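Welcome! Have a look at the model below, and then let us walk through some of its features together.

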Amino acid sequence: MAEPLDTVVVIETPEHIVFRHRVAGPARRAVAYGIDLIVCYGSLIGIALVLSIVVIGGAFGGQEALANVGIGLFLLLLFCAQWVYFVAFETFTGRTPGKKLMGLRVVTTEGRPIGFTHAALRNLLRVADFLPTAYLLGGSFLFLSKRFQRVGDLVGGTLVVVPEKPTVATANVLWPPPHPAELAAIPQNIVLDADERAAIELFVRRRGALGPAREHELAVMIAPGLAARHGLPLTIDPSRFLAILHDRATHAGRKEAVVRDSLPPPSSREAA
Amino acid sequence: MQRAQTRRIRKLDPEEVRRLAPLYRDTCADLSRAQASHYSAALVDYLQALSASAHGVLYSAPAKGRIAQRARAHAHAVWVAFPRAVRRHWRSMAIAFLLFFVPFFGGFVGAWVDPTYAFKIAPEPMLRQLTESYRQGFSTGRDAGQDTFMAGFYVYNNVGIALRCFALGVLGGLGSAVYLVYNGLATGAIMGYVASQGAGDNILTFVVGHSTFELGAIVIAGGAGLSLGWSMVSPGRVTRIASLQAVAKDLVVIVSGAAFMLLLAAMIEGYWSASGLSSTLKRSIGGAFFVTILAYLALVGREAGAEEGAR
């Protein structure tokens, strides 16, 4: 099979299970980075304000020493913001607050959570990525590498992914219930191969979210071909035809495929 | 399919932890069955996301236990790993040493012979002020506030320099080389200028305590940067990226060690070097530091005979 054109990375576990991660694109990562900068330097400015208020109070009392302590502490915090913040957060949680907000996570190229070595490398090399200015080098590497890796990611062997939240899909319900006339037009046992079934299912699931014109446009692409292959007349709306065809194929003539009157309409169809 | 709880990380009670692994294996089995027999795409996606998140929990980095606990367990390993890693990259270290100290002596001699030479490297007013402060000596010491200020500044500035010096090594080692030469030249010229103005004794007393840590760490970080660059220029029998990644793991140890040395240097420079103690004491302690560090880097971790991959 040809490699998909999507920005996904395929990971194989020791259980020989293969799963995919969606790799995070530059835009999301830039926003996450922006949030991190705001968190870092925002809190730094806040601390500076508090310190300077304390120090001004102290200076009136004639304590210049206090001012120097304040500046010393501030420089120490500045150092932490530049070098410690990212490493610490990514070592212990795999994500900085900005990444968390954007739903990103850093993993190794094998798909495991990262440790100190990975976090340290990818964030130390941030300064190389920043060169010559404004992450030009890192940005160009991001676009050149297959998996959106900047220099730090390449050296550290890490990826930034968007973990998918497991969502339970609702049952695919044919709505409104098929009309006897519609059913009569399609035989009980339709055989679709796996790819066809998957394609039609994806289409049927998304039907509610598409505009009517687009829905029709997509359905017209495959419905006539399928109808011709099964020797069926395409007398009804092609999209509706696909939905019934799919219902027939997946339920393979079982009874419950037809009796649907008791079910409530799924919300997606209501919206349509 | 009410296994959604498998993902909610840590803070599980023991019973749930016990169930996690079997649940994960079941989910994996379900997933492969679903994939193989082309079940509905939504189901496959769901199982996939589920196993992906469980995989993330199960295969985390080793034992994310309490930090203190791990630190104690690793303390010895780190103590030994740092000098070993430095020795393994001794060639880069030697080159870094030369890249730093040849310009250093060049700058020193240059500024000694012709003090205006130093003005090309650092602004004249700054140098004059610096000389003034060294000429006064440290009989009175500094007040505590200023000590903290300077310590903070040294952490921010010097550790930053060392880390940058390492990171820029990824550009084929050139970034590190430039950083080393520049810093060597600047340090040498400033020292030379101050010495030429007759404050040589005082500045020597000042730097002798922390210079081993500070200059040593910069050279080590720079050497690590050179190793990083070299691993890309000459990867041997693996791809350049793989070579970089392999060497980089080693270098993280070195850089962390160097950063720690610089933290020590900042403390010494902030609180000790400028104190009002006698110069004899400072010099002898400084000498002791030098010998200790050298011995540490050269000797610790040899006895185990585990000098694996001594290249």
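## A word to start with

A residue counts as buried when its relative accessible area is under 20%, as exposed when the figure is over 50%, and as partly exposed in between. Please keep in mind that what you see is a predicted model.

With that cut-off in hand, we can turn to Thr158(A). This residue has a relative accessibility of 0%, so Thr158(A) counts as buried.

## Around Thr158(A)

Where in chain A should you look for Thr158(A)? You will find Thr158(A) in strand β4, which covers residues 158-162 of chain A.

Two polar contacts of its side chain are worth finding. One runs to the side chain of Arg122(A), at 3.3 Å. Another, at 2.8 Å, joins the side chain of Thr158(A) to that of Asp153(A). Setting aside residues up to four places away in sequence, Thr158(A) touches a list of residues including Val106(A), Val107(A), Thr108(A), Thr109(A) and Ile114(A). His118(A), Gln149(A) and Gly152(A) are also among them.

## Chain A as a whole

Let us step back to the whole chain. Chain A has 12 helices and four strands. It is made of 272 residues, and 40% of them count as buried. The chain exposes about 14,500 Å², with 66% of this area supplied by carbon and sulfur atoms.

How do the contacts spread along the sequence? Taking contacts in chain A between residues at least 6 apart in sequence, 65% of them join residues at least 24 apart.

## Salt bridges in chain A

How many salt bridges does the structure hold over all chains? The count is seven. One of them brings us back to Arg122(A), whose side chain meets that of Glu90(A) with an N to O distance of 2.9 Å. Arg122(A) sits in helix α4 (residues 116-124) and Glu90(A) in helix α2 (residues 64-93), so this pair ties together parts of chain A that are 32 residues apart in sequence. Both partners are buried. They also belong to a network of salt bridges that links Arg29(A), Glu90(A), Lys99(A), Arg122(A) and Asp153(A). Two members of this network, Arg122(A) and Asp153(A), are the polar partners of Thr158(A) that we met above.

Another salt bridge joins Arg214(A) and Glu217(A), with the closest N and O atoms 3.3 Å apart. These two residues are three apart in helix α10 (residues 212-229) of chain A, so about one helical turn separates them. Are they buried or exposed? Arg214(A) is partly exposed, at a relative accessible area of 44%, and Glu217(A) is partly exposed too, at 40%.

## Two places to visit in chain B

Chain B offers a salt bridge between the side chains of Arg33(B) and Asp30(B), at 3.6 Å from N to O. Both residues lie in helix α1 (residues 14-36) of chain B; they are three residues apart, and therefore about one helical turn separates them. Here the two partners fall into separate classes: Arg33(B) is partly exposed at 48%, whereas Asp30(B) is buried at 18%.

Next, find Asp250(B) in helix α10 of chain B. Its relative accessibility is 17%, so Asp250(B) counts as buried. Apart from neighbours within four places in sequence, Asp250(B) is in contact with Ala85(B), Arg88(B) and His89(B).

## Where the chains meet

Finally, look at the interface. Here 53 residues of chain B are in contact with 54 residues of chain A. Between them the two chains bury about 4,400 Å², and 73% of that area is on carbon and sulfur atoms. Which three residues of chain B supply more of the area it buries against chain A than any other three? They are His55(B), Tyr59(B) and Tyr156(B), which supply 14% of it.

Across this interface the rule finds zero salt bridges, and one residue pair in polar contact, with both residues at pLDDT 80 or more. On the side of chain B that touches chain A, helices α1, α2 (41-58), α7 (144-167) and α10 (240-272) each supply at least two residues. The most come from α7(B), which gives 14 residues. Sorted by class, this side of chain B has 29 nonpolar, 18 polar and six charged residues.

Notes
Residues numbered from 1 in each chain as written. Chains lettered and ligands numbered in written order. Predicted model: local features only at pLDDT ≥ 70, side-chain atom pairs only at ≥ 80, totals over all residues. Heavy atoms only, no water. Buried < 20%, exposed > 50% of the residue type's maximum accessible area, 1.4 Å probe, protein only. Contact = heavy atoms within 4.5 Å. Areas by Shrake-Rupley, 256 points an atom, 1.4 Å probe, with all protein chains shown as cover. Salt bridge = Lys/Arg side-chain N within 4 Å of Asp/Glu carboxyl O. Buried area = accessible area lost by both parts, 1.4 Å probe. Polar contact = N/O pair within 3.5 Å; in protein donor to acceptor, adjacent residues only side chain to side chain. Nonpolar A, V, L, I, M, F, W, Y, C, P; charged D, E, K, R; others polar.
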